[in-house]
Amino acid sequence: MGAAGSNWAGNLDYSARMLAAPRSIPELQELIASAEPGSLKALGTRHSFNDVADTDGTAVSTASLQDGPAVAIDADRGVVAVASGVRYGELALELDAAGLALGNLASLPHISVGGAVATGTHGSGERNGSLAAAVAAVEFVDGRGEHVRLARGDAGFDGAVVSLGVLGITTRLELDVEPSFELAQHVYRELPLEALVAHFDEIVGAGYSVSVFSTWQREGVADQVWLKRRVDRDPAAPAELFGARPADAPQHPIPGVSAVHCTPQLGVPGPWFQRLPHFLLEFRPSNGDELQSEYLVPRARALDALAALRRLAPRIAPLLLVNEIREVAADALWLSGSFETDVVAFHFTWQPRQAEVDALLPAIEAELLPLGARPHWGKRFAADASALEGRYSHWRDFAELRAEHDPRGVFANAFTRRVLGG
Ligand SMILES: Cc1cc2nc3c(=O)[nH]c(=O)nc-3n(C[C@H](O)[C@H](O)[C@H](O)COP(=O)(O)OP(=O)(O)OC[C@H]3O[C@@H](n4cnc5c(N)ncnc54)[C@H](O)[C@@H]3O)c2cc1C
């Protein structure tokens, strides 16, 4: 195994020959200045399921970087400055202690801010943007060794947030914060798919954050709906959700798995950071042995995507642990899956059968890409640059931004050559 070990899912042994953990910005600048093209890549908390963070040169961790406090709250400006290697779960504790919150979180709090933002990671909620959409400023040392700061509104900022680590090594980010809030989480079981189709907008709009889970094992039924309701402003949870009934005990998204590592349910109110993620920070999240894929489909085509997946269900179900449907609001970030479009995200947690999963993905993409789908950059997908280019109207602008900040291609890797081209 290489110097950087393997990713969270264990499906990728990183090929890095060296692991660098620079302690200062000048040290990081020196590392970059002396690097060969294609020989450096930032590594976050290793939660991606593909080779986006891989390199056969040197993996760069920002965990030891001394560049000011790890978390610095500026309540007057409504932002928190955070070191890129900080995990959302750690950040949440500090924010909550100051009476503040982030607008949304992903399904697990274990991921680093720098890594999550770089791939466009998101949670759910029809009015909630991705985690990247909350970025107000980003600081990075680029491929020329320059320490760059871009804030919202600056030229290039919209390309520099979801950037797959190809512009440089992100050192700090500023994120929007808001006053702390409480949520109550309600799980409903056995939603008839016909009800989901007939009442899609009402169901995904039934709370602050809504996830629909399905194993596709039972024709005509989605297994669970997780409704996360803001107690300060959302209406009371309905006694029944279009035929789905409230669970009488905590549930795991994957039927039959213990809910002991899941965030509290049954409508018990609690702080935002203990309700927005599905999994608790203190425990190893999710099922462990799994792979993931996700496609973000323009909301206007969501029901077409659902119909296509129902047709494919006999091929999907045998490999699937669970499918999750979420919503992400539009943002302005060039490589974001929700760039200028409200989207519905169709997420697949797969059994760890990579060859079979990878063989099925082209069939899923043949249905979803014509609907305008964009893949999650950190999960497994088959599309290459030729299939992706037309889905991002700032593709060329991004290539120019990349050429400006990394003219020697220091941060290129096999993933970026395959997926971004060039
Ligand atoms: C159990 C599980 C649940 C998940 N749930 C969700 C979810 O709810 N929603 C969702 O959207 N995704 C989800 N994901 C996917 C995950 O959020 C993304 O893969 C995310 O990128 C992981 O962050 P990371 O810090 O582990 O990044 P890594 O996988 O380590 O790196 C990802 C990318 O970020 C870059 N990067 C990392 N740090 C830096 C830095 N300092 N500077 C520049 N570039 C950097 C890397 O070079 C690479 O390109 C989940 C993954 C797992 C394993």
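Mentor: Before we start, one cut-off will help us: an angle over 145 degrees between two axes counts as roughly antiparallel. Keep in mind that this model is predicted.

Trainee: Thanks! Are helices H7 and H8 roughly parallel or roughly antiparallel to each other?

Mentor: Let's begin with the axes of H7, residues 302–316, and H8, residues 354–368, which come within 10 Å and cross at roughly 160°. Angles over 145 degrees fall in the class we just defined. H7 and H8 are therefore roughly antiparallel.

Trainee: And is the crossing of H7 and H8 left-handed or right-handed?

Mentor: Two packed helices are described by the angle between their axes and the distance between the axes. Handedness adds to that picture, and the crossing of H7 and H8 is right-handed.

Trainee: Now the ligand: which backbone has a polar atom 2.6 Å from an oxygen atom of the ligand?

Mentor: Look at the 38 residues that surround the ligand, where the closest are Ala42, His47, Ser48, Ser112 and Thr119. The polar backbone atom at 2.6 Å from a ligand oxygen belongs to Ala42.

Trainee: How much of the accessible area of the ligand does the protein cover?

Mentor: Contacts come from several places, including a polar side-chain atom of Ser84, 3.3 Å from a ligand nitrogen, and a backbone N or O atom of Leu164, 3.2 Å from a ligand oxygen. On its own the ligand has 970 Å² of accessible area, and the protein covers 99%.

Trainee: Which element gives the most residues to the shell around the ligand?

Mentor: The elements that give two or more residues are strand S2 (40–42), helix H3 (113–118) and strand S9 (168–176). With four residues, the one that gives the most is H3.

Note on methods
Residues numbered from 1 in each chain as written. Predicted model: local features only at pLDDT ≥ 70, side-chain atom pairs only at ≥ 80, totals over all residues. Heavy atoms only, no water. Near = heavy atom within 4 Å. Polar contact = N/O pair within 3.5 Å; in protein donor to acceptor, adjacent residues only side chain to side chain. Areas by Shrake-Rupley, 256 points an atom, 1.4 Å probe, with all protein chains shown as cover. Axes fitted to C-alpha atoms, helices over the stretch in contact; angles between N-to-C directions. Parallel < 35°, antiparallel > 145°, perpendicular 65-115°, else oblique. Left-handed = near helix turned anticlockwise from the far one by under 90°.
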